[in-house]
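Colleague: I am new to this structure and should be grateful for a close look at a single part of it, namely the salt bridges. Please describe where they lie and how they are covered.

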Amino acid sequence: MKKLYVCTALLFMLAGCQESEMPEDKEVNTVIPESMEASIVIKGKLVPGKEVILETTVKQGSNLVNEAGEVLFEVRKSGQDKREMLEAKNTGSGTYQVMHSFNEQGKYYVVAHVTAKGLHVMPEKEVVVTDHESEGASAHPSTDVSIDFQSNPVKAGSSSNFEATVELNGKPLTNADVNFEVWKEGSEESHFTKANEEEKGNYQNKVSFVEPGTYKVQVHVEKDEVHEHRLQTIQVN
């Protein structure tokens, strides 16, 4: 009888422990984060040896993702196993870019590896590189915008005049917001200089360089629905 009483007591104690560990009214957090999306755009003429811009814009729901943990572009030629992995630079407004040149004609696959907010997406785009400019290879597929960048010879410790001539549909694009973004190759830090419109569609300003090296200059052009870039490499002596 005593053994039966002890067993019964143990059963009641175990039941009590189970109830305390998993109360019936305990709410479980089942919030699922919004999915992340990324799209790829190639800006430039798809011809061998010509530098183009690989660009991806990242969104989570209706919001632009401006602080992705990592954005890499994978480039592979069709029929080959060799892959190039290129680290993209954050250019603002949820956009990430890197310059690249395709060395040979043929079909290529470009994959953007985007990691942000604990999520990872891998959009893919197929491109064809030919020995001549083909349809769809325009640097500005959405709007017919051209950006012509020029600069004086650049020396460290002095300033150089940067100039961008911008046209929309063959006519000067006036009253646009134009900025020169400059960073040293390999650096994560960049500096913006606002350009002034000296003539219709012509924007200029002086930019100074402290030390010699290879630099990237990205021209940002914005007006109404127009939001275009041009990336250039310059050498500072």
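**Salt bridges in the predicted model**

Modeller: In this predicted model, glutamate 55 and lysine 43 form a salt bridge in which the closest N and O atoms are 3.4 Å apart. Glutamate 55 belongs to strand β2 (residues 51-60) and lysine 43 to strand β1 (residues 36-43), so this pair ties together parts that are 12 residues apart in sequence. Both partners are covered: glutamate 55 counts as buried because its relative accessibility is 7%, and lysine 43 likewise counts as buried, at 9%. The cut-off that matters here is 20% relative accessible area, under which a residue is called buried.

A further salt bridge joins the side chains of glutamate 104 and lysine 77, with 2.7 Å from N to O. This pair links distant parts of the chain, 27 residues apart: lysine 77 is in strand β4 (residues 70-77), whereas glutamate 104 is in the loop between β7 (95-101) and β8 (106-116). The cover of the two partners can be stated as well. Lysine 77 counts as buried at 17% relative accessibility, while glutamate 104, at 43%, counts as partly exposed.

Lysine 184 and glutamate 211 provide another example, their side chains meeting in a salt bridge at 2.8 Å, N to O. Lysine 184 is found in strand β14 (residues 177-184) and glutamate 211 in the loop between β17 (202-208) and β18 (213-223); the pair therefore ties together parts that are 27 residues apart in sequence. Lysine 184 has 27% relative accessibility and counts as partly exposed. Glutamate 211 is also partly exposed, its relative accessible area being 39%.

There is also a network to consider. Salt bridges with shared partners join Lys43, Glu55 and Glu228 into one network. The pair described at the outset, glutamate 55 and lysine 43, thus belongs to that network.

The setting of these pairs may now be given. A search of the whole structure finds 8 salt bridges, and the chain that carries them has 1 helix and 19 strands. Of its 237 residues, 37% are buried; glutamate 55, lysine 43 and lysine 77 are among them. Among contacts between residues at least 6 apart in sequence, 61% join residues at least 24 apart. As for its surface, the chain exposes about 14,900 Å², of which carbon and sulfur atoms supply 48%.

How values were computed:
Residues are numbered from 1 along each chain as its sequence is written. This is a predicted model: local features need pLDDT of at least 70, side-chain atom pairs count only at pLDDT 80 or more; totals for chains, interfaces and linings use all residues. Side-chain values use heavy atoms; hydrogens and water are left out. Helices (H or I, at least four residues) and strands (E, at least two) are DSSP runs, numbered from the N terminus. Buried means under 20% relative accessible area, exposed over 50%, partly exposed in between (1.4 Å probe, protein chains only). Contact means heavy atoms within 4.5 Å. Accessible areas come from the Shrake-Rupley method with a 1.4 Å probe; for residues, only the protein chains shown count as cover. A salt bridge is a side-chain nitrogen of Lys or Arg within 4 Å of a carboxyl oxygen of Asp or Glu.
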